[in-house]
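Let's take a walk through this structure together, one stop at a time. Have the sequence and the 3D view ready, and we'll begin with a bit of vocabulary.

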2 protein chains.
Amino acid sequence: MNKISKAVISRLPRYYRYLDELRTQKIERVSSKELSEMMNVTASQIRQDLNNFGGFGQQGYGYNVQYLYDEIGKLLGLDTPHKMVIVGAGNLGQAIANYGNFKNRGFQITALFDKNPNLIGTKTSDAEIMDIECLYDYVKENQVEIVALTLPKEPAREIAEKLVACGIKAFWNFAHTDLKISGDIIVENVHLSESLMKLTYRISEKRNHNEE
Amino acid sequence: MNKISKAVISRLPRYYRYLDELRTQKIERVSSKELSEMMNVTASQIRQDLNNFGGFGQQGYGYNVQYLYDEIGKLLGLDTPHKMVIVGAGNLGQAIANYGNFKNRGFQITALFDKNPNLIGTKTSDAEIMDIECLYDYVKENQVEIVALTLPKEPAREIAEKLVACGIKAFWNFAHTDLKISGDIIVENVHLSESLMKLTYRISEKRNHNEE
């Protein structure tokens with residue numbers, strides 16, 4: 001397979017989501033034109049993006065939904081299971097633990113960790129909430145691959161550093177900070193307040209435009 | 001002020017976050033070199049980005065942290081209060097309601113809405129959880145500006161359409177779907193599973209690279 005550009009990669013999860021909807025509706029084939037209308041992207045963009053996979057689409061036939069879904073899933077690393085734990089069992093951590101879609105896609109959330117004694121020992125969505133003191137041994141003993149950080153920024157950095165020392169190489173970071181981690185570590189950030197600021201920027205831009 | 005490019009706009013919330021940290025630490029001035037080291041962005045990129053605001057930075061003096069923070073805040077629409085309600089009072093909705101940073105930045109989360117009778121009438125972080133049946137009257141009577149949608153995809157689209165009919169023009173959408181809304185409506189999406197797929201893509205890319 002040719003090297004796929006970063007821009008295309010960044011669009012693949014969205015294709016994957018639409019293909020998943022089509023599968024669920026038992027739709028077997030889809031044309032670039034139909035996808036274009038569903039996704040509000042030009043058909044030529046879709047053809048260009050999906051051509052990267054080579055030979056999926058056929059003129060007058062369209063794309064095979066299941067095949068394209070599987071291939072994109074493989075490329076996104078969803079064909080192998082991923083063990084994940086969540087550090088911070090507050091509302092956000094529990095929201096992620098309860099999000100059923102992750103389980104369907106091979107994510108195994110085996111435990112949450114918190115320092116709150118009222119939470120420790122309880123369960124959320126089949127995963128136990130454990131004492132954060134046990135975190136480091138747990139990730140070593142259970143071959144955990146991904147750690148989701150859903151806790152305040154102050155402890156997040158320190159905990160992330162300790163986890164790196166325990167062999168963790170991938171973080172899904174919701175803490176309101178950029179983790180400063182040296183070495184070959186993957187960090188995917190979800191900064192909710194930054195997303196909200198993009199929204200207010202667009203609101204204020206529109207207001208100024210209307211006033212002009 | 002000149003028209004600022006979309007790329008710069010998309011970086012402003014991150015500048016704003018770092019400037020906020022500096023303010024909190026009572027730091028009054030910062031050079032592009034210092035910001036560059038903190039943010040892991042080149043100093044020339046920082047100068048280019050911040051030059052858009054005109055005359056903030058002075059050679060050998062650096063940027064005035066508070067002034068730059070305020071100006072970027074204005075541009076992001078954070079100098080005026082924003083009334084927001086949350087539809088879906090599950091873990092994710094409650095996580096957002098409890099997120100203190102939003103309050104500091106002028107977001108007034110006045111109510112959450114849910115259909116679950118066990119939640120209706122309870123409070124989370126000073127905001128009451130109300131019956132979703134009351135949502136439409138509430139947004140009209142209380143000049144709500146932004147609606148956060150933290151509920152499953154099936155009801156999200158229908159509810160969003162009804163809210164548009166009630167005059168809502170801005171959505172912060174966490175539902176696992178793209179809202180198909182016609183008209184001049186602003187939608188900012190947070191698709192958590194897409195973010196997680198970007199992470200697994202990078203994991204699998206690294207694994208393939210190491211195997212080569």
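A helix here is a DSSP run of H or I at least four residues long, and helices are numbered from the N terminus. Keep in mind as we go that this is a predicted model.

With that in hand, go to helix α4 of chain B, which covers residues 65–75. Just after α4(B) comes G77(B), with a positive phi of about 75°. At the other end, the N-terminal one, N64(B) acts as a cap: a side-chain oxygen of N64(B) sits 3.2 Å from the backbone nitrogen of Q66(B). Between those two ends, V65(B), L68(B), Y69(B), E71(B), I72(B), G73(B) and L75(B) are buried. What do the buried residues of α4(B) pack against? Within chain B, they pack against α1 (6–24), β1 (29–30), α3 (43–51) and β2 (63–64), and from chain A, α9 (192–211) joins in.

That link to chain A brings us to the interface. On the chain B side, 63 residues are in contact with 63 residues of chain A. About 5700 Å² is buried between the two chains, and carbon and sulfur atoms give 58% of that area. There are also 28 residue pairs in polar contact across the interface, both partners at pLDDT 80 or more. On the side of chain B that touches chain A, the biggest contributor is helix α9 (residues 192–211) of chain B, with 16 residues. By type, the residues on that side of chain B split into 28 nonpolar, 15 polar and 20 charged.

Now for the charges. How many salt bridges does a search of the whole structure find? The total over all chains is 26, and 14 salt bridges lie across the interface of chain B and chain A. One of the pairs between the chains is R202(B) with E188(A), where N and O are 3.2 Å apart. Another is R207(B) with E145(A), at 3.1 Å from N to O. R207(B) lies in helix α9 of chain B, while E145(A) is in the loop between α7 and β7 of chain A, so this pair joins two chains. R207(B) itself is partly exposed, with a relative accessible area of 33%. Elsewhere, R14(A), R17(A), D178(B) and E194(B) form one network through salt bridges that share partners.

Other salt bridges stay inside chain A. R11(A) and D49(A) meet with N and O 2.8 Å apart. Because R11(A) lies in helix α1 (residues 6–24) and D49(A) in helix α3 (residues 43–51), the pair ties together parts of chain A that are 38 residues apart in sequence. Are these two partners buried or exposed? D49(A) is buried, at 2% relative accessibility, whereas R11(A) is partly exposed, at 29%.

The pair of E37(A) and K33(A) spans a shorter stretch of chain: both lie in helix α2 (residues 32–39) of chain A, four residues apart, about one turn of the helix. Their closest N and O atoms are 3.5 Å apart. E37(A) is exposed at 57% relative accessible area, and K33(A) is exposed too, at 56%.

Next, a look at the backbone. Most residues other than glycine have a negative phi. S125(A) is not a glycine, yet its phi is positive, about 50°. You'll find S125(A) in the loop between β5 (123–124) and β6 (127–131) of chain A, where S125(A) is partly exposed at 29% relative accessible area. Q143(A), again not a glycine, also has a positive phi of about 50°. Q143(A) belongs to the loop between α7 (135–141) and β7 (146–149) of chain A, and Q143(A) is exposed, with 58% relative accessibility.

Last stop: the cysteines. How many disulfides does the whole structure hold? The search finds zero over all chains. Take C134(A): a disulfide needs two cysteine sulfurs within 2.5 Å. The closest cysteine sulfur to that of C134(A) belongs to C166(A) and is 13 Å away, so the two are too far apart for a bond. In chain B, C134(B) is in no disulfide either, and its nearest cysteine sulfur, that of C166(B), is 13 Å away. C134(A) is partly exposed at 34% relative accessible area, and C134(B) is partly exposed at 35%.

Technical notes:
Residues are numbered from 1 along each chain as its sequence is written. Chains are lettered from A and ligands numbered from 1 in the order in which they are written. This is a predicted model: local features need pLDDT of at least 70, side-chain atom pairs count only at pLDDT 80 or more; totals for chains, interfaces and linings use all residues. Side-chain values use heavy atoms; hydrogens and water are left out. Buried means under 20% relative accessible area, exposed over 50%, partly exposed in between (1.4 Å probe, protein chains only). Contact means heavy atoms within 4.5 Å. Buried area is the accessible area (1.4 Å probe) that two parts lose on being put together, summed over both. A salt bridge is a side-chain nitrogen of Lys or Arg within 4 Å of a carboxyl oxygen of Asp or Glu. A polar contact is a pair of N or O atoms within 3.5 Å; within protein, one must be able to donate a hydrogen and the other to accept it, and residues adjacent in sequence count only if both atoms are side-chain atoms. Ala, Val, Leu, Ile, Met, Phe, Trp, Tyr, Cys and Pro count as nonpolar, Asp, Glu, Lys and Arg as charged, and the others, Gly among them, as polar.
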